[in-house]
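Please open the structure in a viewer and keep the selection tool at hand. The tour below proposes one selection after another and states what is found at each stop.

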Amino acid sequence: MAPIKDRFTIHSKAVVCQDVDLRGEITIGSGTVVHPKATIFAITGPIVIGANCIIEEAVIIINRKKEVMRIGDENLFEIGCRVECPSIGDFNTISTRARVHYTLRLTSYCVIGAGCLVVLPEEEVLEEHTVIYGPASERRVWSGRGHIQELDLRRKHSEYLRETLPKFNRLRRGDGA
Amino acid sequence: MNFAQPVYYPKADYIETDTGNKVSRRATIAGPQNIILGGKTIISSTAIIRGDLRRTGPGHAVVISLGKYCLISEGCILRPPYKTYRGNFNYYPMKIGDHVHIGANTVVEAAMIGNYVEIGKNCIIGKFTMIKDCAKIADNTVIPPNTVVPALVLFSGSPGQFVENLPESTQELFESQTKQYYNRFQPLEG
């Protein structure tokens, strides 16, 4: 395998802590917050992360495919989750220590519950508002209630983090800066 | 006092404070000025403690306070819980009592953990959980947000549920267990 070339494009308004493990070709959009100890691995293809995402500590995002892994806007990756989805839409929540395999693609407004393991034998696209929950990774459809409140919380959360994290952590800049 | 084997650690890997706290050099501690350790507390390597996520507002804010004889095992993540209250987003402090053992790779976002609490390995303790004194959480338990775990019970499963009551002697037993563990945790020179 050819050696991985590192190229990071980090938007000037993104907050990426120094203690983050980045590998390969990675683009991080405006307002996205990456906590310390997160790992983003673009092994074969590049990873593009949209705006206002929150990536918490010990999160692992891996792209094992050749094509670009696209992550949309305002997604929340909670502590210690592992994501290999080739595409993720907007406003998704992947909860604490959930693991999602590369066979699943997320659209928008999906929730993967805490500690869920999602490994599918065939490729699948998860429909909007799907919730995967519980130890057996069961599924349900979210009615969309509390959607505005949830969004509001997420906006305030990322706004807070953008303000507070730089006070206590060293930040990382992109190659261009 | 006891015949259990000591647990040795290389001396250079840990920092020992005057009050007997042993903190691994390989633990990630963000915002240490906002963290209080009660003394004789052990923080193992690869643990992550987030003291930087503080409550906004003037003055000094304590984010995480740990009592004495606590153990934070390898790969544990302690981070304070957050919510919006009256339209303002904030992180809220996390208080952990004395004689609390937290197992390896557990994620804790609790608001309060009492004294003599034992939490197993690979648990997920949701936001704003209250764990009362002498409770025990089994390995691999997932406690959903805002749960209250009463005193002297064993919780287990996903979602974490009541399994059984614990005997009243739990406090004495667990106190001697945590003290023993601290005494067994000895440096190895060289």
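**First stop: the interface**

Begin with the boundary of chain B and chain A, where the rule finds 4 salt bridges; a salt bridge is a side-chain nitrogen of Lys or Arg within 4 Å of a carboxyl oxygen of Asp or Glu. The model is a predicted one, in which local features need pLDDT of at least 70 and side-chain atom pairs count only at pLDDT 80 or more, while totals for chains, interfaces and linings use all residues. Residues are numbered from 1 along each chain as its sequence is written, chains are lettered from A and ligands numbered from 1 in the order in which they are written, and side-chain values use heavy atoms, with hydrogens and water left out.

Select Glu56(A) and Arg79(B): their side chains form a salt bridge, with N to O at 3.2 Å. Next, colour the elements that give two or more residues to the side of chain B that touches chain A, namely β4 (28-30), β7 (48-50), β11 (82-85) and β12 (88-91) of chain B. Strands (E, at least two residues) and helices (H or I, at least four residues) are DSSP runs, numbered from the N terminus. By class, this side of chain B has 11 nonpolar, 12 polar and 8 charged residues. Here Ala, Val, Leu, Ile, Met, Phe, Trp, Tyr, Cys and Pro count as nonpolar, Asp, Glu, Lys and Arg as charged, and the others, Gly among them, as polar.

How many residues does the contact take from chain B and from chain A? It takes 31 residues from chain B and 24 residues from chain A, contact meaning heavy atoms within 4.5 Å. The two chains bury about 2100 Å² between them, 63% of it on carbon and sulfur atoms. Buried area is the accessible area (1.4 Å probe) that two parts lose on being put together, summed over both.

**Second stop: a network of charges**

Select Arg50(B) and Asp52(B), which form a salt bridge whose closest N and O atoms are 2.8 Å apart. Asp52(B) is buried, at 1% relative accessible area, and Arg50(B) is also buried, at 1%. Buried means under 20% relative accessible area, exposed over 50%, and partly exposed in between (1.4 Å probe, protein chains only). Now add Glu56(A), Glu57(A) and Arg79(B) to the selection: salt bridges that share partners join these residues with Arg50(B) and Asp52(B) into one network.

**Third stop: salt bridges within chain A**

Over all chains, the structure holds 19 salt bridges. Select Arg7(A) and Glu25(A), whose side chains meet in one of 3.1 Å, N to O. This pair links distant parts of the chain, with Arg7(A) in strand β1 (residues 7-10) and Glu25(A) in strand β4 (residues 25-28) of chain A, 18 residues apart. Glu25(A) is partly exposed, with a relative accessible area of 36%.

Move to helix α1 (residues 147-168) of chain A, where Asp152(A) and Lys156(A) lie 4 residues apart, about one turn of the helix. Their side chains form a salt bridge of 3.3 Å, N to O. Asp152(A) is partly exposed at 38%, and Lys156(A) is partly exposed at 23%.

**Fourth stop: the cysteines**

Why does Cys110(A) form no bond with Cys85(A)? The sulfur of Cys85(A) is the closest cysteine sulfur to that of Cys110(A), but at 9.5 Å it is too far for a bond. Cys110(A) is buried, with 1% relative accessibility. In chain B, select Cys134(B): its sulfur is 13 Å from the closest cysteine sulfur, in Cys70(B), too far for a bond. The structure holds 0 disulfides over all chains, a disulfide being a pair of cysteine sulfur atoms within 2.5 Å.

**Last stop: the loops**

Most residues other than glycine have a negative phi, and most peptide bonds are trans. Select Tyr69(B), in the loop between β8 (64-66) and β9 (71-72) of chain B. The phi of Tyr69(B) is positive, near 55 degrees, and this residue is buried at 13%. Leu152(B), in the loop between β22 (148-149) and β23 of chain B, has a positive phi of about 55 degrees.

Finally, select Ser158(B) and Pro159(B), which are joined by a cis peptide bond with omega about 0 degrees. Pro159(B) lies in the loop between β23 (153-156) and β24 (161-165) of chain B.
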